[in-house]
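Reader: I am new to this structure and would like some help in reading it. Could you take me through a few features, one at a time?

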Amino acid sequence: MKDSARAVVIGGGVVGASVLYHLAKIGWSDVLLLEKSELTSGSTWHAAGGMHTFNGEANISRLQKYTIDLYREIEQLSGQSCGLHPNGGLMLAATQGELDSLRLICSRARYLGMETRMLSVEQALEFNPLIDPQHFIGALWRADGGHCDPSGTTNAYAKAARQLGASVERFTRVMSLTQRRDGSWDVLTDKGAVHAEHVVNCAGLWAREVGHLAGIELPVLAMEHHYLITEDLPELAGRDKEIVNTTDYAGEIYLRQERRGVLIGTYEPHGVVWSPLKTPDDFAMQLLPEDTERLAPYFEVGFRHFPALGRVGIRKAVNGPFTFAPDGNPLVGPVRGLRNYWVACAVMAGFSQGGGIGLVLSRWMAENDPGQDIISMDVARFGAFATPKYTSIKVPENYARRFRLAYPNEELPAARPVRRSPIYDRLKAAGACMGANYGLENALWFAPAGMAPEETPTYRRSEAFPVVRAECHAVRNGVGLYETTNYGKYEVTGRGARAWLDRVFASKLPQPGRLALAPMLSPAGRIIGDLTIAALAAERYLIFGSGFAEEFHLRWFWQSDPPADVFVRSLASTLNGVSIAGPKSRELVQRLVRIDLSAAAFKLFQVRETAVGFAPAILSRAGFTGELGYEIWTTPDYFATLYDDLMDAGRDLGLALFGGRALSSLRLEKGYGSFQKDFRPDYTAAETGLDRFVDFGKPEFAGRAAALAERAAGPKRRFVILEVEALDADVIGYESIMKDGTAVGYVTSGAFGHTVGKSLAAGYVPAPLAHDGARFEIDILGEMRAATVRGQPLHDPEGRRLRS
C-alpha cells in the first residue's frame with residue numbers, strides 16, 4: 001500500500017467509487033480508496049439498484065440525469081458491465097394532490113430537457129400491465145431511469161478509476177485521522193499509515209464513525225429497509241420488454257421487474273432505526289433479520305394495487321440498512337473548521353445520485369467550486385441544531401414520508417419546536433401558524449380569532465389565502481410587525497475588519513452609521529450571498545442574510561482566511577429582531593425612542609445604537625416589504641419586553657402581526673429577489689441584477705475578474721418578475737417558462753401579490769427576451785397560463801413610500 005496520496009477516499013460503496021473515478025478523471029491520479037472489507041459492502045451490495053431523475057430540486061435532477069448517462073461511459077472505459085436496464089420510470093397518482101405533484105414535475109422537466117409526459121391510467125397500463133387501474137387517476141412517465149447491477153456499477157467505477165491512475169485497497173480499515181498544521185492528514189490504517197493532502201468521508205453506514213475520527217458529529221442515521229422479490233409472474237411471460245420501474249404514492253410502494261418476477265419495496269410508517277449509537281465494526285455484507293409480520297400490512301397494499309403480485313409466492317426477502325440525513329438529501333462538501341476534510345454520505349439514492357455527487361465534489365476539491373448550486377445537498381445546510389437527538393427523530397419521519405408528497409405549504413412536525421425565540425409563546429397565542437427555518441420556529445401567517453392556525457396541504461391556494469391578504473393590506477395601509485430572528489446574523493470586528501470585508505464583498509462598504517446591500521461572489525462570479533452590511537463603527541460590522549444559509553456563509557467567511565486581527569462570529573442565538581413596516585411605522589417607533597426619526601434626520605439605510613423602550617437596541621431604517629420601515633435588534637433578555645412595548649405602543653395604530661407568507665407577497669410586488677430561492681450560486685451578479693451593487697472600481701474583491709468579463713460581454717439570462725394570469729394556483733418554483741412552445745427559462749419563486757391583485761412569478765429568461773411587456777406562458781399544474789414581464793415594480797415603482 002502506498003504511504004502518500006493527494007486524496008484518500010474512505011469507503012468503497014458506489015459513492016466512494018464514483019468520487020475516486022471523478023477525482024482521477026479531473027486529473028488527480030494520485031488518489032487512494034480505502035475499504036475495510038470488499039467493495040460494495042455495507043449498503044451498496046444489497047441495494048435494489050433503482051435509478052431515476054425524479055427530485056423536487058432541479059439541480060439534483062440534473063445530477064441524477066448525469067449519473068444515469070455516465071454509466072455507458074464507465075462501461076466503455078472499464079470493460080465492466082453495469083447491468084443496465086434503462087426502462088424509464090412511472091409514477092402513479094391516486095388523489096388530486098398527487099396528480100398536481102406529477103403535473104409540477106412534468107412542467108419542470110421541460111426546461112431540464114428530460115423526456116416526460118402525463119398519462120391516463122389506461123396509457124400507464126401499457127408501461128406496467130400489473131397496475132389495478134381502479135386505485136389510480138393518472139400517471140407520469142419519464143424516459144430516463146430504470147435499474148442497474150449494484151456490484152457491476154461500483155466495480156465499473158473502480159476499474160475506470162484504476163485505468164486513470166487511482167489505487168484501491170480493500171480489506172484495509174482506517175483506525176485514526178490526525179491533521180497536521182499544514183492542513184494535510186495522517187491516515188492510520190491496520191496496514192500502515194498514509195499521508196494525504198485531502199480526506200473524503202464516503203463511509204456510508206460508518207460515515208458517523210469516520211466523522212468522529214475527525215472530531216465532528218454528522219447528522220446521519222441508518223434505517224432498516226425491506227424489499228421482496230416474487231416468484232415468476234405469468235403476466236410477464238413472453239413480454240419482449242420489462243415493465244417500467246413504478247412508484248405508487250398512495251401505496252408508498254416502489255417496484256420493478258426482476259427477471260420474470262417483481263422486486264417490491266416499501267418505506268413504511270414507524271420504520272426501525274438500525275444501530276442508533278454505533279455501527280458495528282464487523283458488519284460487512286450481512287442482511288438483517290426479516291420482519292415480514294410487521295411489514296405485512298404495507299406490502300398487502302401493494303398486492304391490492306398490483307394484484308398479480310399477490311397470486312405468486314415470495315422468492316426472497318431482503319432487509320438491509322441504509323443511511324439518511326434528517327431531510328433525506330445527501331451530505332456533500334467541505335466541513336467548516338476542518339481544512340481538506342470532505343464528506344459525501346447519507347446518499348440514499350446512490351445509483352441515481354452517486355455519479356453527480358462524484359462530479360461536483362471532484363470539481364470542488366480541484367477547483368474550489370462545485371460548478372453549480374448544490375445548497376440542497378451541501379453539508380452546510382445543517383448547523384449545531386442538528387444534534388444526534390434531532391437526527392434520531394427527523395430521519396424516521398423522513399423515511400416514512402419518502403414516497404409521500406411534500407406539499408409546498410406543509411410543515412412537518414417531528415423534532416419541533418427545537419429553537420424558539422423569547423416571543424414564541426406570544427406569537428403562538430396570537431394565532432401564529434409556525435414553520436421551521438434552520439431549526440428555528442418562525443411565523444408563516446396568523447390565524448384570526450375563531451380559526452385554527454392550520455391549513456390543508458395543497459399545491460393550490462389554501463384557506464390561509466384570505467388571511468395572508470389581510471396581513472398584506474395591513475402592512476401597506478397601516479403598520480405591521482414581522483419577527484426577523486430567523487435571519488442569518490454575523491458580527492465582524494477588529495482592526496483589519498474593513499479591509500478584509502472589502503475583499504470578501506463585491507460592494508462598496510458603508511461608512512459608520514450606514515448600511516448597504518452587499519453581494520458576495522465566488523471566484524467564478526456567481527452569487528454566494530445577497531447580504532446587508534451595517535457599519536456600527538470603523539472596526540465593528542453586522543451582516544444580515546438568509547437564516548437557512550448561516551453555516552454556508554460562516555464556512556465561506558472561514559475559507560476567506562480572515563487575518564489574525566479580524567474576528568467573525570455568528571449572532572444567531574445572541575440577537576433577536578423585528579421588522580416594523582408600513583406608512584405608520586415611523587409614528588409607532590418614534591413613540592419608543594428619544595432620537596428624531598423624521599425623514600431628514602434618520603434616512604433610508606441609516607443605522608445606530610439607541611434605546612427602544614426598555615431595550616438597548618440596534619435600529620436601522622430598512623426592510624424587505626418596500627414600505628417605510630425599521631429593523632430593530634436586541635439581545636434575548638430584552639426581546640420579549642421590546643415586543644410588548646411595540647405592541648402596546650402600536651395598539652391604537654392598528655399594529656398587525658404578519659408572517660413569512662405575507663412577506664413573500666410584499667417583496668415580489670416590489671421586485672425583490674430572495675437568496676436561496678431567486679439568488680443562488682447558479683447565477684451571476686449581472687443575471688440577478690445585483691451587479692448594480694457591485695463596486696467595479698475596487699482593485700480587489702472575490703469574483704472581480706469574472707464579474708468584469710461578464711460586464712463586458714453581457715449576461716446570457718436575466719432575473720425578471722412576471723405577472724401571471726393564474727386561476728386557483730400560483731407558481732411554486734422551477735416551472736418551465738415557455739416561449740412559442742419551447743422552454744426558455746424557469747421560475748424560481750412566486751406568490752399572489754395581494755395588494756396589486758396579481759399572481760406573480762420570479763424567474764430567469766434569456767437576456768434578449770427580458771424586457772418590459774415580453775409575453776410568455778408558464779405551465780402551472782398542467783395548464784398553460786399567460787405571463788408578462790413587468791420591468792418596474794408593480795407596487796410603488798418610484799420607491800417614494802420606501803423613502804418617505
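Author: Gladly! Keep in mind that this is a predicted model. Let us begin with burial: a residue counts as buried when its relative accessible area is under 20%. Y734 has a relative accessible area of 10%, so Y734 is buried.

Reader: Where does Y734 lie along the chain?

Author: Y734 sits in the loop between β33 (717–724) and β34 (736–739). Its backbone deserves a look too: phi of Y734 is near 70°, a positive value in a residue other than glycine.

Reader: Is Q676 buried or partly exposed?

Author: Residues between the buried and exposed cut-offs of 20% and 50% are called partly exposed. With a relative accessible area of 25%, Q676 is partly exposed. Q676 belongs to the loop between α16 (660–669) and α17 (685–688), and its phi, near 85°, is again a positive value in a residue other than glycine.

Reader: What about peptide bonds: which form does the one from R416 to P417 take?

Author: Look at omega for this one. The bond from R416 to P417 is cis, with omega near -10°. You will find P417 in the loop between α9 (388–400) and α10 (424–429).

Reader: How do I read the packing of two helices, and at what angle do α2 and α8 pack?

Author: Take the angle between the axes and the distance that separates them. Helix α2 (residues 58–78) meets helix α8 (residues 350–367) at about 100°, and the axes are 7 Å apart. Angles of 65 to 115 degrees count as roughly perpendicular, so α2 is roughly perpendicular to α8. On the α2 side, the contact residues include I60, L63 and Y71, while F351, L359 and V360 are among those from α8. Sorted by class, this contact has eight nonpolar, eight polar and no charged residues.

Reader: E75 is in α2 as well. Is E75 buried or exposed?

Author: E75 has 15% relative accessibility, so E75 counts as buried. Setting aside neighbours within four places in sequence, E75 is in contact with Q80, S81, C82, G83 and L84. You can also compare sequence and space: E75 and K159 are 84 residues apart in sequence, and their C-alpha atoms are 9.4 Å apart.

Reader: How many residues of α13 are buried?

Author: For a whole helix, go through its residues one by one. In α13, eight of the 10 are buried, so the helix is largely enclosed by the rest of the structure. Among the buried ones are E551, F552, H553 and W556. Just after α13, D561 has a positive phi of about 55°.

Reader: And empty space: how many cavities of 30 Å³ or more are there?

Author: Searching the whole structure gives five. The largest cavity has a volume of about 250 Å³. Its lining holds 18 residues, with W364, P370, I528, F552 and W556 nearest the centre. Helix α13 provides the largest share of that lining, four residues. The second largest cavity holds about 60 Å³, and α3 (96–112) gives the most to its lining, with four residues.

Reader: Which helix supplies the largest share of the lining of the second largest pocket?

Author: Helix α13 (residues 550–559) does, with three residues. This pocket has a volume of about 480 Å³. Of its 23 lining residues, E217, F382, G383, A384 and E551 are closest to the centre. The lining divides into 14 nonpolar, three polar and six charged residues.

Key. Residues are numbered from 1 along each chain as its sequence is written. This is a predicted model: local features need pLDDT of at least 70, side-chain atom pairs count only at pLDDT 80 or more; totals for chains, interfaces and linings use all residues. Side-chain values use heavy atoms; hydrogens and water are left out. On a 1 Å grid over the protein atoms alone, a cavity is a set of points where a 1.4 Å probe fits but cannot get out, and a pocket is an open set with protein on both sides within 12 Å along at least five of seven lines; lining residues have an atom within 4 Å of a point. Grid points are joined across faces, edges and corners, and a volume is the space filled by probe spheres set on the points. Ala, Val, Leu, Ile, Met, Phe, Trp, Tyr, Cys and Pro count as nonpolar, Asp, Glu, Lys and Arg as charged, and the others, Gly among them, as polar. Axes are lines fitted to C-alpha atoms, for helices over the stretch in contact, and angles run from 0 to 180 degrees between N-to-C directions. Angles under 35 degrees count as roughly parallel, over 145 as roughly antiparallel, 65 to 115 as roughly perpendicular and the rest as oblique. Contact means heavy atoms within 4.5 Å. Buried means under 20% relative accessible area, exposed over 50%, partly exposed in between (1.4 Å probe, protein chains only).
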